[in-house]
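Colleague: Please take one part of this model and go through it closely, from confidence to packing to charged pairs. Plain prose will do.

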Amino acid sequence: ILKYFPEWLLNPMYWFFPIFFMSKVGKNYKRDAEIIHRFDEKFNAKVFKRKKENFVKKIHQQHSLVKESGNEKKPKRKAKQCLIDSLLDLHVIQGLISEEDVIRDMGGAIFAGYDTTAHVTSWTLYFLGRFHVIQETVYLELKEIFKNDIKRDITIDDLTKMTYLECVIKESMRIYTLVPFIARKNPSEMKISNYVLPANSTFVINIYGIHHNPSVYENPEVFDPDRFLPEKYTNLHPYAFLAFSAGLRNCPGSKGAMITMKMVLANVLRNFKVYSLDPQDKIVSSLY
């Protein structure tokens, strides 16, 4: 449904939702959104039921162990929990949110986590299929990591050693930025250079523009993972790379996303060589 967003953005009449939903674009958007939501709700309800049963079972086991040990103190909660366990804690133990709240937030997390990583992984494979020298460099890095057992399971330690693969992923995200821009509202008056923004102004940060600005990146249209090598990356401005946003509102799943993308790409590239048949100017993306 993201394909409708540019049309909504570029037509001010569509910003008034009653007009938008009377248009052909709005009707198609509503139809597609309803299909996705029906599938999403059904899938998430199944996941929620299974996760809740396991969570309740784990809580009962903890209480049983406490009683057996003779220590009636409330068991300590773990300092860190995965997102779904945190939501179930709020629902089951604290009673602060409903089942519908958990299912909705789970759906948002699943969509935000899997759709985005799939998008970046696809573009990364495309670039590796075009630039075989870079693909060979990634393969040699993987070969060095896995030594004589190239097909063994990937460990966390392996992932930390995939430094060049991470550079390739970041360069893919720079060229085809998943979220091209973000909007922010300033709670108080703000001065930027010679301009004064009144309180509660909405301003748009053009992430795609920053990533393709020649004053930020030399030859920005050239695919060059070396930009993100540690010795070069430290020379960039802290906000030069905003694929995961930045500050207090940055992506909470950035580390998990990088782990997922590294695992998928490493498994593909240590077993196959990829080829891209079409040049970049012939590729059509629904987001650009």
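Modeller: Buried means under 20% relative accessible area, exposed over 50%, and partly exposed in between, with a 1.4 Å probe and protein chains only. The model is predicted, so local features need pLDDT of at least 70 and side-chain atom pairs count only at 80 or more, while totals for chains, interfaces and linings use all residues. Residues are numbered from 1 along each chain as its sequence is written, and side-chain values use heavy atoms, with hydrogens and water left out.

The part I take is helix α8, residues 163-175 (helices are DSSP runs of H or I, at least four residues; strands are runs of E, at least two; both are numbered from the N terminus). Among the elements of the chain, α8 has the highest mean pLDDT, 97, and helix α3 (residues 24-69) the lowest, 82 (pLDDT is the predictor's confidence in each residue, from 0 to 100). For the chain, the mean is 86, and 92% of residues reach 70 or more.

The geometry of α8 is consistent with its length: at 1.5 Å a residue, its 13 residues should span 18 Å, and its end C-alpha atoms are 19 Å apart, which agrees (the expected span is 1.5 Å times one less than the number of residues).

The helix is mostly covered, with 11 of its 13 residues buried. Among them are the nonpolar Leu-165, Val-168, Ile-169, Met-173 and Ile-175, but Lys-170, Glu-171 and Arg-174 are buried too. The buried residues of α8 pack against five helices: α5 (99-130), α6 (132-146), α9 (207-211), α10 (230-233) and α11 (254-269) (contact means heavy atoms within 4.5 Å).

The charged residues of α8 deserve a separate look. Side chains of opposite charge can pair when their charged atoms come close. Within the helix, the side chains of Lys-170 and Glu-166 meet in a salt bridge, at 3.3 Å from N to O (a side-chain nitrogen of Lys or Arg within 4 Å of a carboxyl oxygen of Asp or Glu). These two residues are four apart in α8, about one turn of the helix. An α-helix has 3.6 residues a turn, so residues three or four places apart point the same way. Lys-170 is buried because its relative accessible area is 14%, whereas Glu-166, at 23%, is partly exposed. The pair does not stand alone: Glu-166, Lys-170 and Lys-262 are linked in a network of salt bridges.

A further bridge leaves the helix. Arg-227 pairs with Glu-171, the closest N and O atoms being 3.0 Å apart. Arg-227 lies in the loop between α9 and α10 and Glu-171 in α8, so this pair ties together parts that are 56 residues apart in sequence. Both Arg-227 and Glu-171 are buried.

A search of the whole structure finds 10 salt bridges. For comparison, one of these joins Asp-32 and Arg-31, with N and O at 3.0 Å. Asp-32 counts as buried because its relative accessibility is 16%, while Arg-31, at 44%, counts as partly exposed.

In sum, α8 is the element with the highest mean pLDDT, is mostly covered, and has a salt bridge between two of its own residues, Lys-170 and Glu-166, as well as one from Glu-171 to Arg-227.
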